[in-house]
Amino acid sequence: MSEELAALKRRYPGAETFKFGDSAALCDTLLALVRAGKKVATCGALRDFEAGEPMPAIGRRDIALNWDDTPALVIETVELVECRFDEVTEAMALAEGEDDSLEGWRAGHRGYFERNGGFSPDLPILWERFVLIEDLAR
């Protein structure tokens, strides 16, 4: 663990680390959307959390990493919704900041889930709303 990350973990006790997306390019894009204030939510397949990926927790501050594992942002989870993929509302989709419509969100996220373990319309997901606490690039 880098000294920078160790210092952040001391400043934010209990913080987990994670990366947005599944490639360097997607990670960079999503981090930029958070920094711009357009992305205030994210989601993941419940199966990934059950397999050991750190589960978000309301009130906890977590560290989003750049693709190279350096710290990028600190966020705080403010809302969690467990639902099926096909139950995501337009408001939930638009809060993720990646698309201009629910249909666009569905297409993009279907591709993501297909690349990362499989997709079905009734895929259980965990949707998370967060606030940006600290931008570590500044």
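This is a dialogue between a student and a tutor about a predicted model.

Student: How many strands form the sheet, and what is their order?

Tutor: The open sheet has 5 strands in the order 1-3-4-5-2, and its pairing is mixed.

Student: Why is one side of strand 1 and of strand 2 left without a neighbour in the sheet?

Tutor: Strand 1 (17–19) and strand 2 stand at the edges, and each has a single partner strand, so one side of each lacks a neighbour in the sheet. From one strand to the next, the twist averages 45°.

Student: How do you know that strand 1 and strand 3 pair?

Tutor: Pairing needs at least two bridges between the strands. Strand 1 and strand 3 (residues 61–65) have 3 bridges, in the parallel sense, so by that cut-off they count as paired. Threonine 17 has isoleucine 63 as its bridge partner in strand 3, and lysine 19 has leucine 65.

Student: What makes strand 3 and strand 4 a pair?

Tutor: The cut-off is again at least two bridges, and strand 3 and strand 4 have 5, in the antiparallel sense. Among the facing residues, isoleucine 63 stands opposite valine 74 in strand 4, and arginine 61 has glutamate 76 as its bridge partner there.

Student: And which way do strand 4 and strand 5 run, and how many bridges join them?

Tutor: Strand 4 and strand 5 run antiparallel and are joined by 11 bridges. Arginine 84 stands opposite proline 124 in strand 5.

Student: Why is strand 3 called largely enclosed?

Tutor: Of its 5 residues, 4 are buried, so strand 3 is largely enclosed by the rest of the structure. Helix 2 (residues 24–35) packs on the sheet and touches strand 3, strand 4 and strand 5. The direction of helix 2 makes about 90° with that of strand 4.

Student: What is notable about phi in aspartate 69?

Tutor: Phi of aspartate 69 is near 75°, a positive value in a residue other than glycine. Aspartate 69 belongs to the hairpin of strand 3 and strand 4, which has 5 residues between the strands.

Student: Why is aspartate 69 called partly exposed?

Tutor: Partly exposed lies between the limits of 20% and 50% relative accessible area. Aspartate 69 has 45%, so it falls in that range. Glutamate 87, in the loop between strand 4 and helix 4, has 43% and is likewise partly exposed.

Student: How far is glutamate 87 from aspartate 122?

Tutor: The two are 35 residues apart in sequence and 8.2 Å apart in space, C-alpha to C-alpha.

Student: Why is the pair of phenylalanine 18 and phenylalanine 20 called edge-to-face?

Tutor: A search of the whole structure finds 6 aromatic pairs. In the one formed by phenylalanine 18 and phenylalanine 20, the centres are 5.0 Å apart and the planes are at 80°. Ring centres must lie within 6.5 Å, and planes over 60 degrees apart count as edge-to-face, so both conditions are met.

Student: Are those two phenylalanines buried or partly exposed?

Tutor: Phenylalanine 18, at 22% relative accessibility, counts as partly exposed. Phenylalanine 20 has 2% and is buried, because the limit for buried is under 20%.

Student: What makes phenylalanine 85 and phenylalanine 119 an edge-to-face pair?

Tutor: Their ring centres are 4.8 Å apart and their planes are at 85°, so this pair is edge-to-face. Phenylalanine 85 lies in the loop between strand 4 (71–84) and helix 4 (90–95), and phenylalanine 119 in the loop between helix 5 (102–115) and strand 5 (124–135), so the pair ties together parts that are 34 residues apart in sequence. Phenylalanine 85 is buried, at 4%. Both rings belong to one aromatic cluster with Trp105, Tyr112 and Phe113.

Student: How do you know that lysine 19 sits over the ring of tryptophan 67?

Tutor: Lysine 19 lies over the face of that ring, at 4.9 Å from the ring centre. The distance limit is 6 Å, so this value passes.

Student: Which residues of helix 5 are buried, and what covers them?

Tutor: In helix 5, Leu102, Trp105, His109, Gly111 and Phe113 are buried. The cover includes strand 2 (41–45), helix 3 (46–50), helix 4 and strand 5. Helix 5 has 14 residues and reaches 20 Å from its first C-alpha to its last, close to the expected 20 Å. Just after helix 5, glycine 117 takes a positive phi of about 110°.

Notes:
Residues numbered from 1 in each chain as written. Predicted model: local features only at pLDDT ≥ 70, side-chain atom pairs only at ≥ 80, totals over all residues. Heavy atoms only, no water. Phe/Tyr/Trp six-rings, centres within 6.5 Å; stacked < 30°, edge-to-face > 60°. Buried < 20%, exposed > 50% of the residue type's maximum accessible area, 1.4 Å probe, protein only. Helix = DSSP H or I, 4+ residues; strand = E, 2+ residues; numbered from the N terminus. Lys NZ or Arg CZ within 6 Å of the ring centre and 35° of its normal. Expected span 1.5 Å × (residues − 1). Contact = heavy atoms within 4.5 Å. Axes fitted to C-alpha atoms, helices over the stretch in contact; angles between N-to-C directions.
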